[in-house]
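Trainee: I am new to this structure and would like to learn how its descriptions are reached. Could we look at it together, one label at a time?

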Amino acid sequence: MTQDYFKANQIKNIDYKDIEILKKFLNPHGRINSRKRTGLSATHQRMLAQAIKRARYMALLPFIIK
Amino acid sequence: MQNELTVYETGFHLNPSLPEGEVLGKVTDLKDHISSRGGVFISEGFPTLRPLTYTIVKRIGNENKRFNQSYFGWIKFEMTPEAIVDFKKVLENDNDIIRFLIIKTVREDTMISTRPEFRLPGEEKVEDEAGQSNEEEKEDLTPEEEAEIDRSIDDLVSSTDKEEENKQE
């Protein structure tokens, strides 16, 4: 059974505006969870990281949560 | 090869002090800029007022202005790579746009309408068992037991009240 959330749900593109999905892959400090914790493939982890970084730049997600 | 169209998406934050009527005009202006550069409109998300997760500082004139909310919208369009450089300059020079982002994307809608439930790997079973056990505990309680729990809570509350009174004295 695959653990990759995006592969399992056949999501091909990760949108930086979809912050409700992106939030699930952040820890309580707002940092991106590691692959060990997200269970994503390397490709999807890279796509996720890029989407989160875009969302941070656009102030849709915080850089840090104190 | 040079005239091939690429799918782009621009997300932008508009100045929150803009009157709501002018927001529509601003979006129309942007669409006009796209079409005048040979771009083809695909889809859009109309700007809505939303809070920002941190304060954005934008230099307008000789002043640093701080924004904690904005009208966030996006437009998806097709354009040649040469024209997008020109369009980027338009966005940069617009003082009503406090921040923007241009990305390459795909024609299809990338927003997920129904979000499947997400669980971190290895947490699935633990959550299920915990949920079930809680429900069972609730179901097993008889009215007599509930009354007993209520009485014990009342006792605790009254004892803490007395302690506080003693301290005050």
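## Reasoning from values to labels

Mentor: Let us start with a pair of residues: Glu9(B) and Lys17(A) are both buried. Please keep in mind that this is a predicted model.

Trainee: What makes the link between Glu9(B) and Lys17(A) a salt bridge?

Mentor: The test asks for a side-chain nitrogen of Lys or Arg within 4 Å of a carboxyl oxygen of Asp or Glu. For Glu9(B) and Lys17(A) the N to O distance is 2.6 Å, so the pair passes the test. The pair also crosses between chains, with Glu9(B) in strand S1 of chain B and Lys17(A) in the loop between H1 and H2 of chain A.

Trainee: How many salt bridges does the rule find across the interface of chain A and chain B?

Mentor: One. Over all chains, a search of the whole structure gives eight.

Trainee: Which salt bridge does Lys17(A) form with Asp15(A), and how do you know that it counts?

Mentor: Their side chains meet at 3.0 Å, N to O, and the cut-off is 4 Å, so this pair counts as well. Asp15(A) and Lys17(A) are both buried.

Trainee: And what about Asp96(B) and Lys26(B), what makes them a salt bridge?

Mentor: Their closest N and O atoms are 3.3 Å apart, and the limit is 4 Å, so the label applies. Asp96(B) sits in the loop between H2 and S4 of chain B, while Lys26(B) belongs to helix H1 of chain B, so this salt bridge ties together parts that lie 70 residues apart in sequence.

Trainee: Why is Asp96(B) called partly exposed?

Mentor: Its relative accessibility is 24%. Buried means under 20% and exposed means over 50%, so a value in between is called partly exposed. Lys26(B), in contrast, has a relative accessible area of 14% and is therefore buried. Returning to shared partners, salt bridges join Asp15(A), Lys17(A) and Glu9(B) into one network.

Trainee: How do you know that Asp94(B) is buried?

Mentor: Its relative accessible area is 16%, and the buried label needs a value under 20%, so Asp94(B) qualifies. Asp94(B) is placed in the loop between helix H2 (81-93) and strand S4 (97-104) of chain B. Not counting residues up to four places away in sequence, Asp94(B) touches Lys26(B) and Lys58(B).

Trainee: Is Asn15(B) buried or exposed, and how do you know?

Mentor: Asn15(B) is buried, because its relative accessible area is 10% and the cut-off is 20%. Asn15(B) lies in the loop between strand S1 (6-14) and helix H1 (20-36) of chain B. Leaving aside neighbours within four places in sequence, its contacts are Phe67(B), Tyr71(B), Asp96(B) and Ile98(B).

Trainee: What makes the pair of Asn15(B) and Ser17(B) a polar contact?

Mentor: Their side chains come to 2.7 Å, and a polar contact needs N or O atoms within 3.5 Å, with one able to donate a hydrogen and the other to accept it. The side chains of Arg59(B) and Asn64(B) also make a polar contact, at 3.3 Å.

Trainee: Why is Arg59(B) called exposed?

Mentor: Its relative accessible area is 52%, and exposed means over 50%, so the label fits. Arg59(B) is part of strand S2 (residues 40-60) of chain B.

Trainee: Which label do Gln10(A) and Ala59(A) get, buried or exposed?

Mentor: Gln10(A) has 72% relative accessibility, so it counts as exposed. Ala59(A) has 0% and therefore counts as buried. Each has a positive phi in a residue other than glycine: near 55° for Gln10(A) and near 60° for Ala59(A). Gln10(A) is in the loop between helix H1 (5-8) and H2 of chain A, and Ala59(A) is in the segment after H4 of chain A.

Trainee: What is there to say about the interface as a whole?

Mentor: Here 27 residues of chain A are in contact with 28 residues of chain B. The two chains bury about 2500 Å² between them, 65% of it on carbon and sulfur atoms.

Trainee: And how many helices and strands does chain B have?

Mentor: Chain B has four helices and four strands, in the order β-α-β-β-α-β-α-α from the N terminus on. Buried residues make up 30% of its 169 residues.

Technical notes. Residues numbered from 1 in each chain as written. Chains lettered and ligands numbered in written order. Predicted model: local features only at pLDDT ≥ 70, side-chain atom pairs only at ≥ 80, totals over all residues. Heavy atoms only, no water. Contact = heavy atoms within 4.5 Å. Buried area = accessible area lost by both parts, 1.4 Å probe. Helix = DSSP H or I, 4+ residues; strand = E, 2+ residues; numbered from the N terminus. Buried < 20%, exposed > 50% of the residue type's maximum accessible area, 1.4 Å probe, protein only.
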